[in-house]
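User: I'm just starting out with protein structures. Please walk me through this one, one question at a time.

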Amino acid sequence: MSVALFTLGGTISMAGSQRLTGADLTAAMPGLPDLGHQVEIQDIEKVPSANLTAAKLLEVVDAASKAVAAGAAGAVVTQGTDTLEESAFLADLVWPHPQPLVFTGAMRNPTLAGPDGPANLLAALRVACSPAARDLGALVVFNEEIHAARWVRKTHSTSTATFVSPNTGPIGHVVEDQVRVLTRPQRLDGVQGSAEPTELDRIHVALYTVTLDDDGLLLRGLADTHQGLVIAGYGVGHVPAALAPVLGELATRIPVVLTSRTGAGSVVRNTYHSPGSETDLLQRGLIDGGFLDPYKARVLLRLLLATDDDVETAFSQYA
């Protein structure tokens, strides 16, 4: 049986001016003969992850889906780490198979001492091949930890331990070449409509981070140019009182999702009651983003709007 590998560039493939292919990456990886599966490689357009688009990622997910349907035990995608958490979550929302779809990359390129790419790739391939990882959707494997796409975050600009899941921790580990899944998060329904890459081009969702003494000037006219908005509010979901009516008016025209800018924890629903509090904002029509961080909330909202799925129903699951 084979495992499919799709390469999208990023630090893992940067060797000075040279861009490494999937064959180069696997050749530099110790332990490949012990994998027990043939690696079928597809080199996709090599771009920095900052230049990836949702449409391109959906094309990669579709290619991975076809590989699994043709008999692959699972699939691995390598890409840059800057947007890896969003890529994995987008894939998780549309991935229909029990076989794993695993994302990985590197923080140290192959020209540096101690590059982490070979170890990350080998661990990702092991997870993709493992029966223990079935029915977990899209995963991120990094630093021999297994993270659910729904919870993982990049939390450090340079550390090889950058990927963590602040609210839950990793769901498993790769230990002595063995895939050890310790907990199995519930699989949600995902996005029900068919997400066509071309449809995403017409959907614009803004992400607005609330800051001290915020006057909301940048939000003026936003409903004329965007189909949705995600608010990264203070703490458990607060904004300055002066901003509350602005967001309430926007919520009458486009979906506005309330999240926390803190990076961990949930917005709450009924703890504070002053103007600009979470209770006030939800009463004004904002949608509860729950535990979803602002970046994943934006990915979900954009995909829902592209597929005409019901936004509030979907967020009630993921929140």
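**Two helices, and then the rest**

User: At what angle do α9 and helix α10 (residues 311-318) pack?

Analyst: The axes of α9 and α10 lie 10 Å apart. Axes here are lines fitted to C-alpha atoms, for helices over the stretch in contact, and angles run from 0 to 180 degrees between N-to-C directions. Helices themselves are DSSP runs of H or I with at least four residues, strands are runs of E with at least two, and both are numbered from the N terminus. On that scale, α9 and α10 pack at about 150 degrees.

User: What kind of model is this?

Analyst: Residues are numbered from 1 along each chain as its sequence is written, and side-chain values use heavy atoms, with hydrogens and water left out. Local features need pLDDT of at least 70, side-chain atom pairs count only at pLDDT 80 or more, and totals for chains, interfaces and linings use all residues; the model is predicted.

User: Is the crossing of α9 and α10 left-handed or right-handed?

Analyst: Picture one helix in front of the other. If the near helix is turned anticlockwise from the far one by less than a right angle, the crossing is left-handed, and if clockwise, right-handed. The crossing of α9 with α10 is right-handed.

User: Which residues of α10 meet α9?

Analyst: Contact means heavy atoms within 4.5 Å. From α9 come A297, L300, L301, L304 and L305, and their partners in α10 are V311, A314, F315 and Y318.

User: How many nonpolar residues are in the contact of α9 with α10?

Analyst: Ala, Val, Leu, Ile, Met, Phe, Trp, Tyr, Cys and Pro count as nonpolar, Asp, Glu, Lys and Arg as charged, and the others, Gly among them, as polar. This contact has no polar and no charged residues. Its count of nonpolar residues is nine.

User: Is E312 buried or exposed?

Analyst: You'll find E312 in helix α10. Buried means under 20% relative accessible area, exposed means over 50%, and partly exposed is in between (1.4 Å probe, protein chains only). E312 has a relative accessible area of 56%, so it counts as exposed.

User: Which residue in the loop between α9 and α10 has a positive phi?

Analyst: Most residues other than glycine have a negative phi. The residue here isn't a glycine, yet its phi is about 60 degrees. At 64% relative accessibility, it counts as exposed. Its place is in the loop between α9 and α10, and its name is D308.

User: What is the phi of D177?

Analyst: D177 sits in the loop between β11 (172-175) and β12 (178-181). With 47% relative accessibility, D177 is partly exposed. D177 is not a glycine, but its phi is positive, about 70 degrees.

User: How far does helix α2 (residues 54-69) reach from its first C-alpha to its last?

Analyst: The expected span of a helix is 1.5 Å times one less than its number of residues. α2 has 16 residues, and 22 Å is expected. Its actual reach is close to that, at 22 Å.

User: Which elements do the buried residues of α2 pack against?

Analyst: The buried residues of α2 include L57, L58, V60 and V61. They pack against β1 (2-7), β5 (75-78), α3 (84-94), β6 (101-104), α5 (197-200) and α9 (294-307).

User: How many of the residues of α4 are buried?

Analyst: Helix α4 (residues 117-129) should span 18 Å at 1.5 Å a residue, and its end C-alpha atoms agree at 18 Å apart. Among its buried residues are L121, L122, L125 and V127. α4 is mostly covered, and of its 13 residues the buried ones number 11.

User: What is the relative accessible area of A149?

Analyst: A149 lies in the loop between β8 (145-148) and β9 (153-154). Leaving out residues up to four places away in sequence, it touches A88, F89, D92, A138, L139 and K296. A149 is buried, with a relative accessible area of 1%.

User: Which residue does UniProt list for "active site"?

Analyst: This comes from an unreviewed entry, and annotations may be inferred rather than shown by experiment; positions use the numbering here, and feature names are shortened. The residue lies in the loop between β1 and β2 (14-15), and is partly exposed at 22% relative accessible area. Beyond four places in sequence, its contacts include G80, A106 and M107. The UniProt record lists T11.
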